[in-house]
Each structure stands twice: as structure tokens, then as C-alpha cells.
Amino acid sequence: MHPFRAAVEAGDHDAIEALLADDVVFVSPVVFKPYPGKAMTAAILRGAGRVFEDFHYVREIDGTDGRDRAFVFKATVDGREVHGCDFLHFDEDGLIDEFTVMVRPLSGAQALAAAMGAQFDRITAEALGAAETPGASEA
């Protein structure tokens, strides 16, 4: 099992953050503009951990060059079933430098957008707090 998957399934947010490159870019399934930076990406992933229920990966797909990996997942958000995929790209140091999420169906994506939107002030505060205090992380 890939260390990222193991960290997510264990709910180990410190381990997840340790796998992120400083210049990682998070591409949301529901927002057009990408979110740059480790602090913001880590905060978004913590927020996702709060809104997803029964989140579990069902498949792991490894790219041929070892720098790309896809993790297919299922979860529930506010009673809506969500199927999705985390597409990760790794830099030359083995850290995640691009994190793209796609979800379906539309009703699940809408529930996710609403739930994450409700979390966004907290996510922003966590990201700003982490940026002000390097190494700080909230479980």
C-alpha cells in the first residue's frame, strides 16, 4: 500500500502533510482556480476529512514512470454517495507536487461543494496559521 493511502486511511494528517511538496498545487473538483502551497493543500485535505463520511479507497493505479498515481475512492457527503479519484503527481524527491480530485455524480459533487464551502473559513484560518507557524498542524 502506498504511504499516502496508508496515511489517509489512518487519518494521520501529519503524515499526509509530510508527503506534500512546499509548492504543491491542489486542483479542486468543484472550484476552477487551483490552490497553491503546502499549508493550503493540507488544510483542504483536513477539511475533506471532516466532511467525507465512510471514505475509503477501492483501487490504486500506478503510472508507468512511478511519478503518477491514482487513488479511486467512495464516500458519502451529507447523505449523497460520492465516487472519485485523487490524481497525484510526485516530484523528483518523491513528494506530491500536484493533487487533482475529480468526483461524480453531480449530486455528490454539489453536496461536496456545499460541505467544503461551509468549511472554507476554517480551512483558510488553518492554512494561515500553518503558514505563520511552520510545522504546525491540527489533527
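Is R5 buried or exposed? R5 is buried, with a relative accessible area of 15%. Keep in mind that this is a predicted model. I'll start with that arginine, then go to the other charged pairs, the core and the pocket.

R5 has a partner. Its salt bridge is with E60, and the closest N and O atoms are 3.3 Å apart. R5 belongs to helix α1 and E60 to strand β3, so this pair ties together parts that are 55 residues apart in sequence. E60 itself counts as partly exposed, at 24% relative accessibility. The cut-off for buried is under 20%, so R5 at 15% falls on the buried side.

That pair does not stand alone. A network of salt bridges links R5, E9, E60, D62 and R69. Across the structure there are nine salt bridges.

Next to R69 in sequence comes A70. You'll find A70 in strand β4. A70 counts as buried, at 8% relative accessibility. What does A70 touch, once neighbours within four places in sequence are left aside? The contacts are R59, E60, I61, C85, D86 and F87. So E60 turns up twice: in contact with A70, and in the salt bridge with R5. As for A70 and R5, they are 65 residues apart along the chain, and their C-alpha atoms are separated by 10 Å.

Now the second set of charges. Look at E126. Its side chain meets that of R50 in a salt bridge, 3.1 Å from N to O. R50 sits in helix α3 and E126 in helix α4, so here the pair ties together parts that are 76 residues apart in sequence. E126 counts as buried at 10% relative accessibility. R50 counts as partly exposed at 28%.

E126 also forms a salt bridge with R122, with the closest N and O atoms 3.2 Å apart. This one is within a helix. R122 and E126 both lie in α4, four residues apart, about one turn of the helix. R122 counts as partly exposed, at 38% relative accessibility.

On to the nonpolar core. The largest one has 36 residues. Which residues have the most contacts inside it? They are F4, F52, I96 and F99. The elements giving two or more residues to this core are α1, β1, α3, β4, β5, β6 and α4. Helix α3 gives the largest share, eight residues.

Let's stay on F52. Leaving aside neighbours within four places in sequence, F52 is in contact with F73, A75, T76, V77, V82 and L112. F52 also takes us to the pocket, since it is one of the residues nearest the centre of the largest one.

The largest pocket holds about 540 Å³ of space. Its lining has 29 residues, and I44, L45, A48, G49 and F52 lie nearest the centre. Two or more lining residues come from each of α1, α2, α3, β3, β6 and α4. Which element gives the largest share of the lining? Helix α4 does, with six residues. What is the lining made of? It divides into 22 nonpolar residues, five polar and two charged.

To pull it together. Helix α3 gives the largest share of the core, and helix α4 gives the largest share of the pocket lining. The R50 and E126 salt bridge ties these two helices together. On the other side of the story, R5 of α1 pairs with E60 of β3, and both belong to the five-residue network with E9, D62 and R69.

How values were computed. Residues are numbered from 1 along each chain as its sequence is written. This is a predicted model: local features need pLDDT of at least 70, side-chain atom pairs count only at pLDDT 80 or more; totals for chains, interfaces and linings use all residues. Side-chain values use heavy atoms; hydrogens and water are left out. On a 1 Å grid over the protein atoms alone, a cavity is a set of points where a 1.4 Å probe fits but cannot get out, and a pocket is an open set with protein on both sides within 12 Å along at least five of seven lines; lining residues have an atom within 4 Å of a point. Grid points are joined across faces, edges and corners, and a volume is the space filled by probe spheres set on the points. Ala, Val, Leu, Ile, Met, Phe, Trp, Tyr, Cys and Pro count as nonpolar, Asp, Glu, Lys and Arg as charged, and the others, Gly among them, as polar. A salt bridge is a side-chain nitrogen of Lys or Arg within 4 Å of a carboxyl oxygen of Asp or Glu. Buried means under 20% relative accessible area, exposed over 50%, partly exposed in between (1.4 Å probe, protein chains only). A nonpolar core is a set of buried Ala, Val, Leu, Ile, Met, Phe, Trp, Tyr and Cys residues joined through side-chain atoms within 4.5 Å. Contact means heavy atoms within 4.5 Å.
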